[in-house]
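Here is a short report for a reader who is new to this structure. Please look over the sequence and the model first.

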Amino acid sequence: MVMARPRRSEENRQRLLAQGVELLSVQGYHGTGIQQVLDAVNIPKGSFYNYFKSKEDFAAEVIRSYTDADLAPLEELLKTPGIDGLTVLKRFFKAFIAAAEEDGYRKGCLLGNMAAEASEVGEIVAAALRTSVQRVHNRLAECLQRAQTEGTIRQDIPADTLADLLLNTFEGSLLHMKVVKSVAPVREAQRLLLDVLLKPQS
């Protein structure tokens with residue numbers, strides 16, 4: 001019984017974070033209340049502060065948790081022998097698009113959604129956003145650098161610059177997806193970038 005409490009505490013914390021990802025992705029920071037999160041996972045309000053100092057601290061942890069889960073498949077692909085950098089990118093985006101379609105186009109990307117509120121949130125949340133966006137950027141740049149070395153991506157533009165272009169285009173296409181309720185804008189954006197615009201120059 002002594003060991004069960006820490007495990008239960010961590011389970012509750014993870015349940016709160018998972019529900020935070022769900023609600024913040026759809027409703028945003030200002031549209032989501034702590035009580036709503038607690039009610040969804042059936043945890044008393046007084047217990048919330050056993051896990052998080054404030055709503056800002058909670059949101060920052062949600063952002064970090066989301067980014068860990070979001071990047072895990074990409075990092076796993078990067079470690080897989082025999083997969084070139086361009087294929088890693090295509091598989092990563094294909095999986096993201098499939099998840100968005102299965103979800104009914106509601107959530108998009110938590111980072112992009114919350115970035116729209118960046119000027120209205122506290123520094124704790126804004127700092128977590130900046131760190132997570134940079135983490136995503138770095139992984140994309142790693143894939144692109146590998147693809148450039150392998151000759152499947154144009155080499156006349158630095159991988160860091162291409163990573164910015166890929167990330168910005170992807171986030172914009174996700175917003176378009178939510179408007180038209182179709183993954184077509186995301187698929188087309190990735191096709192144009194990876195199969196056309198970033199192809200090696202002849």
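## Arg64 and its partner

Start with Arg64. Arg64 is partly exposed, at 34% relative accessible area. The model is predicted, so read every value here as computed from that prediction.

Which residue does Arg64 form a salt bridge with? The partner is Glu61, and the closest N and O atoms are 2.8 Å apart. Both residues lie in helix α4. They are three residues apart, about one turn of the helix.

## Bridges between helices

Glu61 also meets the side chain of Arg13 in a salt bridge, 3.2 Å from N to O. Arg13 lies in helix α1 (residues 4–27) and Glu61 in helix α4 (residues 55–79), so this pair ties together parts 48 residues apart in sequence.

Helix α4 takes part in another such link. Arg135 forms a salt bridge with Asp68, with the closest N and O atoms 2.9 Å apart. Arg135 belongs to helix α7 (residues 123–150) and Asp68 to helix α4, so the pair ties together parts that are 67 residues apart in sequence. Arg135 is partly exposed, at 28% relative accessibility. Asp68 is partly exposed as well, at 42%.

How many salt bridges does the whole structure hold? A search finds 14. Some residues are joined in a network of salt bridges: Glu22, Asp103, Arg106 and Lys107. Side chains of opposite charge can pair when their charged atoms come close.

## The overall fold

The protein has nine helices and zero strands. Along the sequence, the pattern reads α-α-α-α-α-α-α-α-α. The C-alpha trace spans about 65 × 40 × 30 Å along its principal axes.

The protein has 202 residues, and 44% of them count as buried. Take the contacts between residues at least 6 apart in sequence: 69% of these join residues at least 24 apart. The exposed area is about 10700 Å². Carbon and sulfur atoms supply 54% of that area.

## The nonpolar core

The largest nonpolar core has 63 residues. Which of its members touch the most other members? They are Leu16, Phe58 and Leu144. In soluble globular proteins, nonpolar side chains tend to be buried together.

Phe58 gives a view of the surroundings. Leaving out residues up to four places away in sequence, Phe58 touches Leu16, Leu17, Gly20, Ile34, Val37, Phe48 and Phe52. Leu16, one of these contacts, is also among the core members that touch the most others.

## A nonpolar patch outside

Some nonpolar residues sit on the surface. Leu192, Val196 and Leu197 form a nonpolar patch there, with about 230 Å² of accessible area together. Val196 is in helix α9 (residues 184–197). Val196 is partly exposed, with a relative accessible area of 40%.

## Cysteines without a bond

The structure holds zero disulfides. Why is Cys109 not bonded to Cys143? The sulfur of Cys143 is the closest cysteine sulfur to that of Cys109, yet the two are 16 Å apart, too far for a bond. A disulfide needs sulfur atoms within 2.5 Å.

The view from the other side agrees: Cys143 is in no disulfide, and its nearest cysteine sulfur, in Cys109, is 16 Å away. Both cysteines are buried, Cys109 at 4% relative accessibility and Cys143 at 0%.

## Positive phi in two loops

Asn42 has a phi near 60°, a positive value in a residue other than glycine. Asn42 is in the loop between α2 (34–41) and α3 (45–51). Is Asn42 buried or exposed? Asn42 is exposed, at 70% relative accessible area.

Lys181 also has a positive phi, about 55°, although it is not a glycine. Lys181 is in the loop between α8 and α9. Lys181 is exposed, with a relative accessible area of 56%.

## Val179, by sequence and space

Val179 is in helix α8 (residues 159–180). Val179 counts as exposed, at 68% relative accessibility. Val179 and Arg8 are 171 residues apart in sequence. In space they are 40 Å apart, C-alpha to C-alpha.

Note on methods: Residues numbered from 1 in each chain as written. Predicted model: local features only at pLDDT ≥ 70, side-chain atom pairs only at ≥ 80, totals over all residues. Heavy atoms only, no water. Core = buried A, V, L, I, M, F, W, Y, C linked by side-chain atoms within 4.5 Å. Buried < 20%, exposed > 50% of the residue type's maximum accessible area, 1.4 Å probe, protein only. Contact = heavy atoms within 4.5 Å. Patch = residues over 30% accessible without salt bridge, like charges linked within 9 Å, V, L, I, M, F, W, Y side chains within 5 Å. Areas by Shrake-Rupley, 256 points an atom, 1.4 Å probe, with all protein chains shown as cover. Salt bridge = Lys/Arg side-chain N within 4 Å of Asp/Glu carboxyl O. Helix = DSSP H or I, 4+ residues; strand = E, 2+ residues; numbered from the N terminus.
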